[in-house]
Amino acid sequence: EKEALSEEAARLRLLRKEQEAQEEARHAKLNQLELERQEHADNRMRTGQLVEYCERQLARLQATDVYQDVFQISHNGLFGTINALRLGRLPGVSVEWAEINAALGQVVLLIDTLARVHKFHFSTHILQPMGSFSKVSRLDEPRTLYELHSSGSAV
């Protein structure tokens with residue numbers, strides 16, 4: 001009978017060790033699942049934050065007026081300006097021709113850019129934005145050029 005009890009105790013100890021091992025495996029699996037759940041929750045939170053950031057950036061970019069940033073149109077006293085370049089001269093106020101030429105070049109570039117963006121085609125002329133040496137030519141007579149610059153020598 002002692003031997004039977006010893007065998008039963010050994011069997012029960014073995015069963016208990018197996019159950020403990022199974023319980024440890026279940027806890028390990030449960031811990032692994034909890035870590036994965038936490039990782040997914042963190043990823044979801046990061047994704048939500050990224051979406052919010054992207055939405056704020058999109059709203060900021062949609063509110064940006066590219067033309068106003070590139071072509072700052074204003075005035076300086078009696079002079080109209082584009083990008084702080086004065087467009088013209090007045091008696092008694094000397095404006096260098098290089099500044100006027102550059103301003104006219106900016107105007108031609110602005111008009112040409114707006115025409116291209118809005119798919120507008122001029123019926124009689126072609127704009128040729130070339131910086132301070134911009135030109136306008138006629139469609140029917142391409143050799144007829146209107147140069148939008150001066151050195152001031154003829155005036």
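Reader: Let's start with strand pairing. Which residue in β2 is the bridge partner of His75?

Author: Look at Gly80, which is the partner of His75. Keep in mind that this is a predicted model. A little further along, Ser74 stands opposite Thr81 in β2.

Reader: How many bridges are there between β1 and β2, and in which sense do they pair, parallel or antiparallel?

Author: Four bridges, in the antiparallel sense, with β2 covering residues 79-82. The two strands make a hairpin with two residues between them. Gly77 sits in that turn, and its phi is positive, about 65 degrees.

Reader: What is the order of the strands in the open sheet?

Author: The order is β1-β2-β3, three strands with antiparallel pairing. At the edges you find β1 (73-76) and β3 (85-86), each of which pairs on one side only.

Reader: Which strand does β4 pair with, and over how many bridges?

Author: That one is β5, residues 135-138, joined to β4 by four bridges and running antiparallel. One pair to find on screen is Leu127 with its bridge partner Val136 in β5. The β4 and β5 hairpin has six residues between the strands, and Gly131 there takes a positive phi near 65 degrees.

Reader: And what happens on the β6 side of β5?

Author: β5 pairs with β6 (residues 145-147), again in the antiparallel sense, over three bridges. Val136 turns up here too: its bridge partner in β6 is Tyr146. A hairpin of six residues links β5 to β6.

Reader: You keep mentioning positive phi. What sign does phi have in most residues other than glycine?

Author: Negative, for most of them. That's the general idea; now for two residues to look up here. Asn83 is not a glycine, yet its phi is positive, about 55 degrees. You'll find Asn83 in the loop between β2 and β3. The other one is Lys119, also not a glycine, with a positive phi near 55 degrees. Lys119 is in the loop between α3 and β4.

Reader: Are those two buried or exposed?

Author: Asn83 counts as partly exposed, at 25% relative accessibility. Lys119 counts as exposed, with 67%, since the exposed class starts over 50%.

Reader: Okay, rings next. What describes a pair of aromatic rings?

Author: Two things: how far apart the centres are, and the angle between the planes. This structure holds one aromatic pair. It is made by Phe120 and Phe122, with ring centres 5.0 Å apart and planes at 85 degrees, so we call it edge-to-face. The cut-off for that label is an angle over 60 degrees.

Reader: How accessible are Phe120 and Phe122?

Author: Phe120 is partly exposed, with a relative accessible area of 48%. Phe122 is partly exposed as well, at 34%.

Reader: Which charged residue has its end over the ring of Phe79?

Author: Arg86. Its charged end is 5.6 Å from the centre of the Phe79 ring.

Reader: Now pockets. What shows where empty space is left?

Author: Picture rolling a probe the size of a water molecule over the atoms; that shows where space is left empty. In this model, the largest pocket has a volume of about 180 Å³. Its lining includes Lys119, Phe120 and Phe122, which we've already met, along with Asp112, His121 and Leu139, among others.

Reader: Which elements each supply at least two residues of that lining?

Author: α3 (97-117) and β4 (125-128). Sorted by class, the lining has six nonpolar, two polar and three charged residues.

Reader: Last topic: distances. How far apart in space are Tyr53 and Glu23?

Author: It helps to keep two kinds of separation in mind, along the chain and through space. Tyr53 and Glu23 are 30 residues apart along the chain, and their C-alpha atoms are separated by 44 Å. Tyr53 lies in helix α1, residues 2-63, and is partly exposed, with a relative accessible area of 42%.

Reader: What about Ala9 and Arg143?

Author: They are 134 residues apart in sequence, and 112 Å apart in space, C-alpha to C-alpha. Ala9 is in helix α1 and is partly exposed, at 26% relative accessible area.

Notes
Residues numbered from 1 in each chain as written. Predicted model: local features only at pLDDT ≥ 70, side-chain atom pairs only at ≥ 80, totals over all residues. Heavy atoms only, no water. Phe/Tyr/Trp six-rings, centres within 6.5 Å; stacked < 30°, edge-to-face > 60°. Buried < 20%, exposed > 50% of the residue type's maximum accessible area, 1.4 Å probe, protein only. Lys NZ or Arg CZ within 6 Å of the ring centre and 35° of its normal. 1 Å grid on protein atoms, 1.4 Å probe; cavity = no way out; pocket = protein on both sides within 12 Å on 5 of 7 lines; lining within 4 Å. Points joined across faces, edges and corners; volume = space filled by probe spheres on them. Nonpolar A, V, L, I, M, F, W, Y, C, P; charged D, E, K, R; others polar. Pairing = 2+ DSSP bridges.
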